[in-house]
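Please read the following report alongside the sequence and the coordinates. It deals in turn with the contacts to DNA, with one sheet, and with cysteines.

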Number of protein chains: 2
Amino acid sequence: MELDERKITILKAIVANYLETGEPVGSRTISKYSDLNLSSATIRNEMADLEEMGYIVQPHTSAGRIPTDAGYRFYVDRLMEEKEEVEVTNGALLERVDRMEVLLKQVARVLASNTNYATMVTAPNYAKTVKFIQLSLVDSANLLAVIVVDGNIIKNQMIHLNVLLDNEDVLKFNILLNTFLQGASLEDINLEMIQEMKKQSGEYADILDHIFTGITDAIHEAQEVDIYTSGATNILKYPELGDIEKTTGLLEAFEDKEELSHMLEGTDDSENDSGIQIFIGEETPVQNMKDCSLVTATYQMPEGAKGKIGIIGPKRMDYKKVVSTLKNLTIELDDIFKKSREVTSDE
Amino acid sequence: MELDERKITILKAIVANYLETGEPVGSRTISKYSDLNLSSATIRNEMADLEEMGYIVQPHTSAGRIPTDAGYRFYVDRLMEEKEEVEVTNGALLERVDRMEVLLKQVARVLASNTNYATMVTAPNYAKTVKFIQLSLVDSANLLAVIVVDGNIIKNQMIHLNVLLDNEDVLKFNILLNTFLQGASLEDINLEMIQEMKKQSGEYADILDHIFTGITDAIHEAQEVDIYTSGATNILKYPELGDIEKTTGLLEAFEDKEELSHMLEGTDDSENDSGIQIFIGEETPVQNMKDCSLVTATYQMPEGAKGKIGIIGPKRMDYKKVVSTLKNLTIELDDIFKKSREVTSDE
DNA sequence: TATTAGCACTCAACTCTTTTGAGTGCTAAC
DNA sequence: GTTAGCACTCAAAAGAGTTGAGTGCTAATA
């Protein structure tokens, strides 16, 4: 059987209507709604064909049709023309904020309240190299290590001492650490390097051990992907997601930040020029989301670092709106990062 | 009417039974369950009295009784004998962790999975004074401000420069800042102080402005109470919380970290020696929780700083278990802090 | 040959009624 | 003061009927 022009028109009408109403779509509705001027009987015949081809199903005999995953997929890939007008919200969407963390939290929050879906945003993942490292003596027992990695991500580590150091000692350590570590990527810092540093530090080798533990801790932490979520409760607004168990599962998945960030990082955006990916139902990378759709976008910083934005909603989410919102948002983000770079001038 | 011994026994039996089953308790159940050896008719008479006194109600005629808020309150205050045996989980409950943040997250998580309620933990709130402040030149355009406040809470702020500074300038600033700010409580830092510093800084007054904005930002942030939550989805396990709307409201309240931490900080623990407080139904400080109970505990650090732990569950939560778990937990926390203090020696 | 009108059929959802059973309050007897 | 007994209540479950949107099929139509 062939998917001719008319069948496509009908499929599109069905999906569009279902996205709007959430109710199974009947033949008579299409007969009136579309400008095909066909009787409901003809539509019925076509619908039977579309069902056979796997694009739509009936929830039960004598009900209208709803799209299958394949139906949504076809709609998203081929039928959905995006809203081309730029959103009015643009510009006012985000206040300018300096701290990355605050900015991303806000992105998640604004996006959730704009779309009424659950949202998540990961911090950009750099190929992290150490840019600056400094130890300071806070008091006689505590040494503070501050590590700045590429992209101005700052990590602190308080190191407890059981020997007395004076400021001169600390200065020496600082020189030693910076000589070795500045510009090193986090993977470069291995046992060998540590051994070498210990050798050069002479009498302070023991303390260095202590310090190193602190620093590697901080580095590990810097490597973890931060993720911010918002709008979890929006999930409850879509009762078609079914029973409480499913909802619970979803919310649990949404609470598990680690799994979420892995999931987002795992999405591959290489082949898609806009950086936007849509996962429908079973296509989602996490079992608990198989009754939902996931839309992800990638934003990019001037340094090349990338972060992800994700939206989880029901399969009948407003894909058009979500995609266009995400596009605008990534553009705006790119803009903010570019501007903030101009202000700070070059490195 | 008087609340005699027998009425108390019956009330206790009713509450205990309802906590266990979640079903309204009938007279026949009590007649068999308790060792009073009274017929159900007698129990019925007593129950009518208890209802009149406001301790129990019938959800509808011809149903058994359930406790009112007053009934729960009486049970909690007078009838509940705590489990005195120490929990087996004690000791293994928490791995030792160095970073406060990680530790508290774990507390929330462990507590949620142990109790099956929603949990939250605030970071200890210090009377914060500046302990150490340092500016460092990360590169020509970026100045990093590191501020350590009492209790070794560290805040960073990256300050973008549009003038060139050399290391000597930075050193001057550092001396200036530390002279003025070290030991100052966060409230002390006011306009007057800033004016005075500007005067002394001479030609750099403009830059200082810039720097100050950064520092006050960081200080503000340090004053915010951090809060960690876990087990939000446990709320969905108790359908007696009623319709989806209530549940949504609850979950939303639970997502709003700011409101939550205000709420917890607002609970007054002065008159209770164990530091544990129980809020039942309407007693809870937040409207959305009026169908739940909230149990809070206070833990204490050797420096005197206090933090709160909160548990939200249905009114028919297992108060005994929750209270004893919280007691053990705060003891264990106190222990961890004491130990970590011993190791780091004194300040 | 494609389209359509017409009709019998299906089935979830709704309403209305009946049944069930746990639980009560009251009264009279112990 | 306690209890047996009984009539009464009412939510919840089960059943019966009604409705209406929607279908598939067939025969007539363009």
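A polar contact is taken here as a pair of N or O atoms within 3.5 Å; within protein, one of the two must be able to donate a hydrogen and the other to accept it, and residues adjacent in sequence count only if both atoms are side-chain atoms. This is a predicted model, in which local features need pLDDT of at least 70 and side-chain atom pairs count only at pLDDT 80 or more, while totals for chains, interfaces and linings use all residues. Residues are numbered from 1 along each chain as its sequence is written, chains are lettered from A and ligands numbered from 1 in the order in which they are written, and side-chain values use heavy atoms, with hydrogens and water left out.

**DNA strand D**

A residue is called near a strand if one of its heavy atoms lies within 4 Å of it. Around DNA strand D there are 20 residues, of which Ser27(A), Arg65(A), Arg6(B), Thr42(B) and Ser62(B) come nearest. Of the atoms of DNA strand D that come within 4 Å of the protein, 77% are accounted for by sugar and phosphate. Helices (H or I, at least four residues) and strands (E, at least two) are DSSP runs, numbered from the N terminus. Helix 3 (40-52) of chain A and helix 3 (40-52) of chain B each supply at least two residues of the surface near DNA strand D, and the largest share, four residues, comes from helix 3 of chain B. When Ala, Val, Leu, Ile, Met, Phe, Trp, Tyr, Cys and Pro count as nonpolar, Asp, Glu, Lys and Arg as charged, and the others, Gly among them, as polar, this surface has four nonpolar, twelve polar and four charged residues.

**DNA strand C**

The residues around DNA strand C number 20, and those that come nearest are Arg6(A), Ser39(A), Thr42(A), Ser62(A) and Ser27(B). Sugar or phosphate holds 74% of the atoms of DNA strand C within 4 Å of the protein, and the rest belong to bases. By class, the surface near DNA strand C consists of four nonpolar, twelve polar and four charged residues, and helix 3 of chain A gives the most to it, with four residues.

The table lists polar contacts from side chains to both DNA strands.

| Side chain | DNA atom | Distance and citation |
|---|---|---|
| Arg65(A) | phosphate oxygen, DNA strand D | 3.0 Å |
| Arg6(B) | phosphate oxygen, DNA strand D | 2.8 Å |
| Ser62(B) | base oxygen, DNA strand D | 3.0 Å |
| Arg6(A) | phosphate oxygen, DNA strand C | 2.7 Å |
| Ser62(A) | base oxygen, DNA strand C | 3.0 Å |
| Arg65(B) | phosphate oxygen, DNA strand C | 3.1 Å |

**A sheet in chain B**

Two strands pair if DSSP finds at least two bridges between them. In chain B, five strands form an open sheet in the order 7-3-10-9-8, with antiparallel pairing. Strand 7 (227-230) and strand 8 (277-280) of chain B stand at the edges with a single partner strand each, so one side of each is left without a neighbour in the sheet. Within chain B, strand 3 (residues 118-122) and strand 10 (residues 306-314) run antiparallel and are joined by four bridges; Met120(B) has Gly310(B), in strand 10, as its bridge partner.

**Cysteines**

With a disulfide defined as a pair of cysteine sulfur atoms within 2.5 Å, the structure holds zero disulfides over all chains. Buried means under 20% relative accessible area, exposed over 50%, and partly exposed in between (1.4 Å probe, protein chains only). Cys292(A) counts as buried because its relative accessibility is 1%, and Cys292(B), at 1%, likewise counts as buried.
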